Amino acid sequence: MHSTTNQDHVFSGFHALSEPIRIQVLELLREGEFCVGDMCDRLSIAQSKLSFHLKTLKQAGLVTARQQGRWMYYSLNADQFNILESYLSNY
């Protein structure tokens with residue numbers, strides 16, 4: 001990697017991908033945007049546990065969040081996945 005910023009994105013991205021629940025969240029978000037409640041239902045996971053994993057995914061830049069009313073909606077952040085893909089393509 002050419003810069004510390006890109007390295008930070010790669011490190012945090014792969015760290016976020018190291019947890020099976022977070023992979024399940026990303027797989028679900030491939031279908032589109034979801035609010036936390038719907039993700040809890042679909043993944044059969046408690047909101048507190050899901051919120052912890054969503055925070056990690058958001059910090060890693062893998063998901064984006066937007067608030068609508070009292071609900072938070074999450075979706076994939078393609079730019080971060082492109083950074084990881086570009087990094088891996090060097091191998």
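**Exercise 1. Valine 25 and the core**

Task: In this predicted model, find which residues valine 25 touches, not counting residues up to four places away in sequence. Then place valine 25 in the largest nonpolar core.

Solution.
- Step 1. List the contacts. Valine 25 touches Met39, Leu43, Leu50, Leu54 and Leu57.
- Step 2. Turn to the core. The largest nonpolar core has 21 residues, and Val25, Met39 and Leu50 touch the most other members.
- Step 3. Ask which helices supply it. α1 (4-16), α2 (20-29), α3 (36-43) and α4 (47-59) each give at least two residues.
- Step 4. Rank them. α2 contributes the most, with five residues.
- Step 5. Add the background. Nonpolar side chains tend to be buried together in soluble globular proteins.

**Exercise 2. The α2/α4 packing**

Task: How are α2 and α4 oriented relative to each other, parallel or perpendicular? Name the residues that make the contact.

Solution.
- Step 1. Recall the descriptors. A packed helix pair is described by the angle and the distance between the two axes.
- Step 2. Read off both. The axes of α2 and α4 come within 10 Å, crossing at roughly 80 degrees.
- Step 3. Classify. Angles of 65 to 115 degrees count as roughly perpendicular, so α2 and α4 are roughly perpendicular to each other.
- Step 4. List the contact residues. α2 uses Ile21, Arg22, Val25 and Leu26. α4 uses Lys49, Leu50, Phe52, His53, Leu54, Thr56 and Leu57.

**Exercise 3. The sheet**

Task: Work out the strand order of the open sheet, then give the bridges and the residue partners.

Solution.
- Step 1. Order the strands. The three strands run β1-β3-β2, with antiparallel pairing.
- Step 2. Find the edges. β1 (34-35) and β2 each pair on one side only, which makes them the edge strands.
- Step 3. Take β2 with β3. Strand β2 (residues 63-68) pairs with strand β3 (residues 71-76) over six bridges, in the antiparallel sense.
- Step 4. Match residues. Valine 63 stands opposite leucine 76, and alanine 65 faces tyrosine 74.
- Step 5. Inspect the turn. The hairpin of β2 and β3 has two residues between the strands, and glycine 69 has a positive phi near 65 degrees.
- Step 6. Take β1 with β3. Two bridges join this antiparallel pair. Cysteine 35 has tyrosine 73 as its bridge partner in β3.

**Exercise 4. Two residues of α5**

Task: Is glutamine 80 buried or exposed? Describe its surroundings, then treat alanine 78 in the same way.

Solution.
- Step 1. Locate glutamine 80. Helix α5 (residues 78-89) holds it.
- Step 2. Apply the cut-off. Buried means under 20% relative accessible area. Glutamine 80 has 3%, so glutamine 80 is buried.
- Step 3. Check the polar side chain. The side chain of glutamine 80 reaches the backbone oxygen of alanine 60 at 3.2 Å.
- Step 4. List the neighbours. Glutamine 80 touches His9, Gly13, Ala60, Gly61 and Leu62, not counting residues up to four places away in sequence.
- Step 5. Move to alanine 78. Alanine 78 also belongs to helix α5. With a relative accessible area of 46%, alanine 78 is partly exposed.
- Step 6. Relate alanine 78 to the sheet strand β2. The C-alpha atoms of alanine 78 and valine 63 are separated by 8.4 Å, and the two residues lie 15 residues apart along the chain.

Definitions and conventions. Residues are numbered from 1 along each chain as its sequence is written. This is a predicted model: local features need pLDDT of at least 70, side-chain atom pairs count only at pLDDT 80 or more; totals for chains, interfaces and linings use all residues. Side-chain values use heavy atoms; hydrogens and water are left out. Two strands pair if DSSP finds at least two bridges between them. Helices (H or I, at least four residues) and strands (E, at least two) are DSSP runs, numbered from the N terminus. A nonpolar core is a set of buried Ala, Val, Leu, Ile, Met, Phe, Trp, Tyr and Cys residues joined through side-chain atoms within 4.5 Å. Buried means under 20% relative accessible area, exposed over 50%, partly exposed in between (1.4 Å probe, protein chains only). Contact means heavy atoms within 4.5 Å. A polar contact is a pair of N or O atoms within 3.5 Å; within protein, one must be able to donate a hydrogen and the other to accept it, and residues adjacent in sequence count only if both atoms are side-chain atoms. Axes are lines fitted to C-alpha atoms, for helices over the stretch in contact, and angles run from 0 to 180 degrees between N-to-C directions. Angles under 35 degrees count as roughly parallel, over 145 as roughly antiparallel, 65 to 115 as roughly perpendicular and the rest as oblique.
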